[in-house]
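User: I am new to this structure and should like to understand the terms used to describe it. Please explain the reasoning behind each one.

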Amino acid sequence: MKQKTVLPQAVAAASLLARSAPPPIDWVLPGLPARQVGLLIGSDGSRKTGFALQAALGVAGGLPIAGGALDAPSSRGRVVALLGEDDLDDHHRALANLRISLVEHGVSTARIDVALEQMDIVALGGMRVPLLRASRQADEPLETEWVGAMRERLNGARLAILDPLVMFHSLSESDNGHLDVFMRLLIRLAQGCGGGSILAVHHTSQDSLLNARDDHQAGRGGTALASAARAVWVIRRPAELECERAGIDQRTSRIVRGSKISKGPEQPARILTMDPRGTLFVDPSAEDRLASATRPSRRKKVVEISKDGAGGDDEW
């Protein structure tokens, strides 16, 4: 017998306000609520994977992210990082470098080690894990056997990292309908974590790369990905003019901006500098220089004095 299709139960709006005060938002990352999906968008070489690992360590240990580019998460929990590119040895080296960098920036080894105990690394080594596949027989893409495996892996996680996003589906990146179905699947997976969220790492579009865009639609492919995400961060190389004004090197500096925060204000762009191990940290002096260089100057009012001493027309 065919199951009846029903919508969720309707709730009277007045009954919601008749209850006690609504619960506060549970932030997994500053700007990313629990049970939701966020995007981190960046080009090849933008250090987006490194930034994602710093975010993971921040959630696992309650640490500030990239030296304060994002505040320390308010609550800690287990993190699962599913990393599609590189093998376990590569990630071992990356974490070892990250640990050294954090110690040099004043984070205690005890706090770092507590965080690392709460992180699980799944090195896929190039293996694709397509959660959805397009079907010629169905209008919408179909779930694969990987969905159950993913649900089991993410159970109880406070944060899951999917990097890069393209390795977790077999859909056309230009099909907004299919991409929306994919994002709704990720949201359901996040809701099944038990209070966790998913941060998906996505590639920048060619136009965004060429024009130093950092709006929330800077990602490659259709707009449905960023539209369904509750938070979007873009990490990019600074433009030449930004380098000139801030006195920074394009090769070792990055700019990260929370360009979409659905349940809060957009987060301002932060300038990050790489240390010798490639770890990113906020560069306050560069931010001050850029702010000073872009601050509009006050123009003096000039009054022409006529020959008889009377004031002429004002010029600005």
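The exchange below concerns a predicted model and takes up its sheet, one of its strands and its largest pocket.

User: What makes the 9 strands an open sheet, and in which order do they lie?

Analyst: The order is E5-E4-E8-E9-E3-E10-E11-E12-E13, with mixed pairing. Strand E5 (119-123) and strand E13 (280-282) are the edge strands, as each pairs on one side only. From one strand to the next, the twist averages 20°.

User: How do you know that E11 and E12 pair?

Analyst: Two strands pair if at least two bridges are found between them. Strand E11 (residues 253-261) and strand E12 (residues 267-274) have 5 bridges, so they meet the criterion of at least two. Their sense is antiparallel, and Gly-258 stands opposite Gln-267 in E12.

User: What packs on the sheet at E12 and E13?

Analyst: Helix H10 (residues 284-294) touches both of these strands. The direction of H10 makes about 125° with that of E12.

User: Why is strand E4 called mostly covered?

Analyst: A residue counts as buried when its relative accessible area is under 20%. In strand E4 (residues 79-83), 5 of 5 residues are buried, and therefore each of them falls under that 20% limit.

User: Which residues of E4 point one way, and which the other way?

Analyst: Val-79, Ala-81 and Leu-83 point one way, whereas Val-80 and Leu-82 point the other way; all are buried. In a regular strand, side chains alternate between the two faces of the sheet.

User: What joins E4 to E5, and what joins E4 to E8?

Analyst: E4 and E5 run parallel and are joined by 5 bridges; the bridge partner of Leu-83 in E5 is Ala-123. E4 is also joined by 5 bridges to strand E8 (residues 159-163), again in parallel, and there Leu-82 has Leu-162 as its bridge partner. Both pairings satisfy the requirement of at least two bridges.

User: What is the volume of the largest pocket, and which residues are the closest to its centre?

Analyst: The volume is about 440 Å³. Of the 25 lining residues, Arg-47, Thr-49, Gly-50, Leu-53 and Ala-94 are the closest to the centre. Helix H2 (48-61) and helix H3 (88-104) are the elements that give two or more residues to the lining.

User: How many residues of each class does that lining have?

Analyst: The lining of the largest pocket has 11 polar, 8 charged and 6 nonpolar residues. Gly counts as polar under the classes used, so Gly-50 of the lining belongs to the polar group.

Terms used: Residues are numbered from 1 along each chain as its sequence is written. This is a predicted model: local features need pLDDT of at least 70, side-chain atom pairs count only at pLDDT 80 or more; totals for chains, interfaces and linings use all residues. Side-chain values use heavy atoms; hydrogens and water are left out. On a 1 Å grid over the protein atoms alone, a cavity is a set of points where a 1.4 Å probe fits but cannot get out, and a pocket is an open set with protein on both sides within 12 Å along at least five of seven lines; lining residues have an atom within 4 Å of a point. Grid points are joined across faces, edges and corners, and a volume is the space filled by probe spheres set on the points. Helices (H or I, at least four residues) and strands (E, at least two) are DSSP runs, numbered from the N terminus. Axes are lines fitted to C-alpha atoms, for helices over the stretch in contact, and angles run from 0 to 180 degrees between N-to-C directions. Contact means heavy atoms within 4.5 Å. Buried means under 20% relative accessible area, exposed over 50%, partly exposed in between (1.4 Å probe, protein chains only).
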